[in-house]
Amino acid sequence: MTQPNPAELISRADLVEAIVAATNEVFSTMLNLRLTAEEVQTEPNVAAAPSSGVVSLIGMAGAWVGTGSLACTVSLACRLSSQFLATTCDSMSEEVLDTIGEITNMIVGNVKTAIEEKAGPMGLSTPTVIYGRNFQTRSARIHEWTVVPFTCEEERFYIQLSIGPNQDAAQGAVRPGFQVPQLLNI
Amino acid sequence: MLDILIVDDSAGIRKILQRVIRQAEVPIGNMFEAGDGSQALDMLKTQSVGLILSDINMPNMSGLELLSRIKADEALKHIPVVMVSTEGSQAKVLEAVQLGAAGYVRKPFNAEQIKEKLAAFF
């Protein structure tokens with residue numbers, strides 16, 4: 001009997017559905033904010049995040065490997081942190097970076113749970129949050145990025161996922177650790 | 001009065017949990033915080049608590065490793081540990097329950113879910 005192609009176990013529509021559901025749930029439950037999902041983009045290598053602002057990254061590894069990320073402007077990051085902590089955050093701070101990392105953790109964690117039914121169990125890294133200007137997010141491997149833009153509080157942010165079957169696992173040699181994205185100045 | 005230890009690598013989540021717990025109509029004593037399982041174990045050497053709320057994915061020592069060590073320690077194993085995590089798969093919940101978790105709340109959570117879970121310990 002022919003084994004199914006691992007890459008066909010999860011379609012782009014599955015990924016988008018999981019991203020939209022997880023993001024909606026996190027924003028409505030933890031932030032009490034409404035959002036609108038925009039037209040989905042796919043990028044062959046470079047994530048479509050804005051080149052300045054805040055990017056939070058989380059690695060996934062197991063039968064499938066990949067990276068999930070949230071990218072937004074500094075002003076939206078501060079607004080989200082204010083809602084999350086029920087306080088006022090006017091400028092970038094440790095508190096805001098922590099909030100963005102935790103929001104990403106909840107979204108990517110729930111996407112991971114949704115796709116684990118088909119992809120098999122995966123581990124999740126702790127978030128890495130980057131704040132700066134003129135950067136790009138690249139995947140160290142060749143998986144496409146599925147990019148779902150959302151509008152919230154009249155600002156746009158992006159949930160992005162680059163994931164695919166773990167080639168090492170398919171060959172019976174699972175490499176421990178997480179895929180590490182490269183951050184390049186442009 | 002019940003003293004509670006909150007273990008999460010996100011300071012924001014620790015703050016939110018503290019706020020929700022204070023709003024719950026239950027007799028709370030002191031609340032303590034730790035940023036990972038290792039810090040929590042250090043704290044438990046000197047601090048007696050009646051309930052622990054712990055994340056799973058944390059640096060240095062995960063929540064499941066913390067749970068496992070607490071349940072293997074004669075002096076600590078009576079303390080109920082409720083996991084609060086983004087890990088939502090049945091396999092992960094089952095693993096936590098088998099290790100001795102007293103409850104499981106999936107992130108994102110709302111205040112009512114936490115209050116409901118707390119009520120079981122009073």
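This is a short walk through chain B, its contact with chain A, and one helix pair in chain A.

Okay, so before anything else: what you're looking at is a predicted model.

Let's start with chain B. It has five helices and five strands, and if you read along the sequence they come in the pattern β-α-β-α-β-α-β-α-β-α. On overall dimensions, the C-alpha trace of chain B spans about 35 × 30 × 25 Å along its principal axes. The radius of gyration is 13 Å, and a compact globule with 122 residues would be near 14 Å, so chain B agrees with that.

Now the strands. They make an open sheet of five, ordered S2-S1-S3-S4-S5, and the pairing is parallel. Which strands sit at the edges? Those are strand S2, residues 28-34, and strand S5, residues 103-106, each of which pairs on one side only. If you care about twist, neighbouring strands in this sheet are turned by 20 degrees against each other on average, ignoring direction.

Zoom in on the S5 edge for a second. Strand S4 of chain B, residues 81-85, runs parallel to S5(B), and four bridges join the two. If you want one to click on, take Ser85(B): its bridge partner in S5(B) is Arg106(B).

Next, the contact between the chains. Chain B puts in 18 residues and chain A puts in 20. Which element gives the most on the chain B side? It's helix H1 of chain B, residues 11-23, with four residues. By character, the side of chain B that touches chain A divides into seven nonpolar, seven polar and four charged residues.

Last stop, chain A, and a helix pair there. Helix H1 of chain A, residues 12-31, and helix H3 of chain A, residues 94-119, have axes that come within 9 Å and cross at roughly 140 degrees. Why call that oblique? Because roughly antiparallel only starts over 145 degrees, so at roughly 140 degrees H1(A) counts as oblique to H3(A). The crossing is right-handed.

As for who touches whom, H1(A) contributes residues including Ala18(A), Ala22(A), Val26(A) and Met30(A), while H3(A) brings, among them, Ile103(A), Ile107(A), Val111(A) and Ala114(A). Some other types are in there too, for instance Asp14(A) and Glu25(A) from H1(A) and Asn110(A) from H3(A). Overall, the residues of that contact divide into eleven nonpolar, two polar and two charged.

That's what I had, so over to you.

Conventions:
Residues are numbered from 1 along each chain as its sequence is written. Chains are lettered from A and ligands numbered from 1 in the order in which they are written. This is a predicted model: local features need pLDDT of at least 70, side-chain atom pairs count only at pLDDT 80 or more; totals for chains, interfaces and linings use all residues. Axes are lines fitted to C-alpha atoms, for helices over the stretch in contact, and angles run from 0 to 180 degrees between N-to-C directions. Angles under 35 degrees count as roughly parallel, over 145 as roughly antiparallel, 65 to 115 as roughly perpendicular and the rest as oblique. A crossing is left-handed if the near helix is turned anticlockwise from the far one by less than a right angle, and right-handed if clockwise. Two residues are in contact if their C-beta atoms, placed from the backbone, lie within 7 Å. Ala, Val, Leu, Ile, Met, Phe, Trp, Tyr, Cys and Pro count as nonpolar, Asp, Glu, Lys and Arg as charged, and the others, Gly among them, as polar. Two strands pair if DSSP finds at least two bridges between them. The radius of gyration is taken over C-alpha atoms; the globule rule is 2.2 Å times the number of residues to the power 0.38.
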